[in-house]
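Student: I should like to examine this model through a series of questions. May we begin once it is displayed?

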Amino acid sequence: MNSLLLDRRSVHDFPDRGPIVFAVTTGTLVLASVFVGARLACRKFIVRQVSWDDYFIVIAWFLAFGLSFAIDYGATKGLGRHDVDIPTDDRVPLRRSEYAFTVLYVRPTLSPNFECCSNIT
């Protein structure tokens, strides 16, 4: 078992979880796309009524696509590695993808919470 780990580490002298992050993010986006597409197809062709919540799910899918793209791009630029193992020419693009991730994930997630709290006080 240890020889397998040593052989694997001989290719890279550092741990890299970037390919795993890329695969999981892409797989989740594909699965979400299948479900969103199935819902929209059912609403359009079976129920024959598209309502306002269907438009919101399309907007949410575009946000999820942007989030997944930012994560996948970051994984190709060093996301999943220790900072010392990231090449210096990939640091700026990685930080930009991390910023895009922050905008596309944290802000929309926390905005309803902040609005609810501001209505209480």
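The dialogue below concerns a predicted model and considers selected helices, a loop and a surface patch.

Student: How far apart are the end C-alpha atoms of α3?

Tutor: Helix α3 covers residues 52–76. At 1.5 Å a residue, its 25 residues should span 36 Å. The computed separation of the end C-alpha atoms agrees with that expectation, being 37 Å.

Student: Is Leu63 in α3 buried, partly exposed or exposed?

Tutor: Leu63 belongs to helix α3 and has a relative accessibility of 37%. Buried residues lie under 20% and exposed ones over 50%. Because its value falls between these limits, Leu63 counts as partly exposed.

Student: What is the area of the nonpolar surface patch that includes Leu63?

Tutor: The patch is also made by Val50, Trp52, Tyr55, Phe56 and Ile59. Leu63 has 37% relative accessibility, and membership of a patch requires over 30%. Together, the residues of this nonpolar patch make a surface of about 680 Å².

Student: Which residue in the loop between α2 and α3 has a positive phi, and what is its value?

Tutor: The loop in question follows α2 (18–47) and contains Arg48. Arg48 is exposed, because its relative accessible area of 68% is over the 50% limit. Its positive phi occurs in a residue other than glycine. The residue is Arg48, with phi near 60°.

Student: Which residue just after α3 takes a positive phi?

Tutor: Here the position concerned directly follows the helix of residues 52–76. The phi is about 125°, and the residue is Gly78.

Student: Is Ser97 buried or exposed?

Tutor: Ser97 lies in helix α4, residues 91–120. Its relative accessibility is 6%, and the limit for burial is under 20%. Ser97 therefore counts as buried.

Student: Which residues does Ser97 touch, leaving aside those up to four places away in sequence?

Tutor: The C-alpha atoms of Ser97 and Asp72 are separated by 8.9 Å, although the two residues are 25 apart along the chain. Asp72 is among the buried residues of α3, as are Ala70 and Gly74. With the sequence neighbours set aside, Ser97 touches Ala70, Tyr73 and Gly74.

Student: Which backbone oxygen does the side chain of Ser97 reach?

Tutor: A polar contact requires a pair of N or O atoms within 3.5 Å. The side chain of Ser97 meets this limit at 2.9 Å, and its partner is the backbone oxygen of Leu94.

Definitions and conventions. Residues are numbered from 1 along each chain as its sequence is written. This is a predicted model: local features need pLDDT of at least 70, side-chain atom pairs count only at pLDDT 80 or more; totals for chains, interfaces and linings use all residues. Side-chain values use heavy atoms; hydrogens and water are left out. Patches are made of residues with over 30% relative accessible area and no salt bridge: like charges are joined within 9 Å, nonpolar side chains (Val, Leu, Ile, Met, Phe, Trp, Tyr) within 5 Å. Accessible areas come from the Shrake-Rupley method with a 1.4 Å probe; for residues, only the protein chains shown count as cover. A salt bridge is a side-chain nitrogen of Lys or Arg within 4 Å of a carboxyl oxygen of Asp or Glu. Helices (H or I, at least four residues) and strands (E, at least two) are DSSP runs, numbered from the N terminus. Buried means under 20% relative accessible area, exposed over 50%, partly exposed in between (1.4 Å probe, protein chains only). The expected span of a helix is 1.5 Å times one less than its number of residues. Contact means heavy atoms within 4.5 Å. A polar contact is a pair of N or O atoms within 3.5 Å; within protein, one must be able to donate a hydrogen and the other to accept it, and residues adjacent in sequence count only if both atoms are side-chain atoms.
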